[in-house]
Amino acid sequence: MKKETRLIIALDMKEEKALKVAEETSGLCDAFKVNYPLVLSSGLQVVDRLAAFGDVLCDFKVADIPYTNRMIIELVFSHSASGVIVHGFPGEDAVRACVESARGDVFVLAAMSHPGASRFLVPAAVEVAAMARDVGATGIVAGATRPELIRRLREVVGPLLILAPGIGPQGGDPRQALQHGADHLIVGRRITAARDPTKATNEVLEEIRHAGESL
Ligand code: 3DU
């Protein structure tokens with residue numbers, strides 16, 4: 001994952017609009033993130049089509065036994081994905097299978113951004129992050145809605161990348177997330193639901209630049 005703009009745009013929409021947003025914002029972000037809504041409606045081939053506009057990160061929150069995880073990861077990287085997001089809670093063997101079979105970046109979901117994550121995921125986040133580091137993952141995902149947790153996880157993962165979703169409608173603040181240690185922001189609706197996605201992207205980039213000045 002390159003770290004130039006520090007922005008990842010989440011394309012949770014139908015293919016036609018996703019391709020349009022990707023074309024318009026190509027070069028303004030470090031990657032596009034795809035999730036089930038897009039891939040279940042269009043198939044994995046949409047990853048190949050999006051790759052014409054930038055790196056594609058597959059947010060499939062892979063969470064199965066090692067054997068199945070390996071099959072999923074091989075399939076993802078047989079298309080033009082540059083990275084994949086997997087869950088950490090299935091344990092070390094399951095995550096290790098992902099890292100070993102990947103032909104690109106693997107990010108382990110340490111803490112999700114929604115309120116319900118406080119019950120099971122947040123209490124385990126430090127342990128999951130340590131496991132991600134130990135098995136050789138590229139980085140972790142930690143919600144921007146809990147900046148103090150990002151700070152704690154940064155101490156655990158050292159130089160690994162931290163991707164922070166949950167900006168905008170979910171309540172996370174770009175500046176807070178970056179100042180607490182996030183490398184990249186994952187931003188969906190704030191950009192994709194805007195009347196002018198390119199303008200909204202440039203506004204987010206401006207906030208990232210401001211936050212960077214005070215780091
Ligand atoms: O809330 P947004 O529209 O900016 O979209 C955020 C994206 O990131 C969306 O695809 C969601 O599935 C994903 N995500 C989280 O929001 C929170 C997580 O902890 C992990 C992934």
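A good place to start is the largest pocket, which is lined by 23 residues. Asp-12, Lys-33, Pro-165, Gly-166 and Gln-170 are the ones that lie nearest its centre. Three elements each give two or more residues to this lining: strand 3 (56-62), strand 8 (184-187) and helix 9 (189-192). Bear in mind as you look around that this is a predicted model.

How much space lies in the largest pocket? The figure is about 420 Å³. Rolling a probe the size of a water molecule over the atoms shows where empty space is left. As for the chemistry of the walls, the lining of the largest pocket has 11 nonpolar residues, along with seven polar and five charged ones.

Now let's turn to the surface. Here Ile-65, Tyr-67 and Met-71 form a nonpolar patch, and together they have about 350 Å² of accessible area. If you want to find Met-71, look in helix 4, which covers residues 66-77. Is Met-71 buried or partly exposed? Its relative accessible area is 45%, and because partly exposed covers the range between 20% and 50%, Met-71 counts as partly exposed.

For a contrasting stop, go to helix 3 (residues 45-50), where you will find Val-46. The relative accessible area of Val-46 is 0%, so this residue is buried, the cut-off for that label being under 20%. From Val-46 you can also take a sighting along the chain to Asp-59, 13 residues apart from it. The C-alpha atoms of Val-46 and Asp-59 are separated by 14 Å.

Key
Residues numbered from 1 in each chain as written. Predicted model: local features only at pLDDT ≥ 70, side-chain atom pairs only at ≥ 80, totals over all residues. Heavy atoms only, no water. 1 Å grid on protein atoms, 1.4 Å probe; cavity = no way out; pocket = protein on both sides within 12 Å on 5 of 7 lines; lining within 4 Å. Points joined across faces, edges and corners; volume = space filled by probe spheres on them. Helix = DSSP H or I, 4+ residues; strand = E, 2+ residues; numbered from the N terminus. Nonpolar A, V, L, I, M, F, W, Y, C, P; charged D, E, K, R; others polar. Patch = residues over 30% accessible without salt bridge, like charges linked within 9 Å, V, L, I, M, F, W, Y side chains within 5 Å. Areas by Shrake-Rupley, 256 points an atom, 1.4 Å probe, with all protein chains shown as cover. Salt bridge = Lys/Arg side-chain N within 4 Å of Asp/Glu carboxyl O. Buried < 20%, exposed > 50% of the residue type's maximum accessible area, 1.4 Å probe, protein only.
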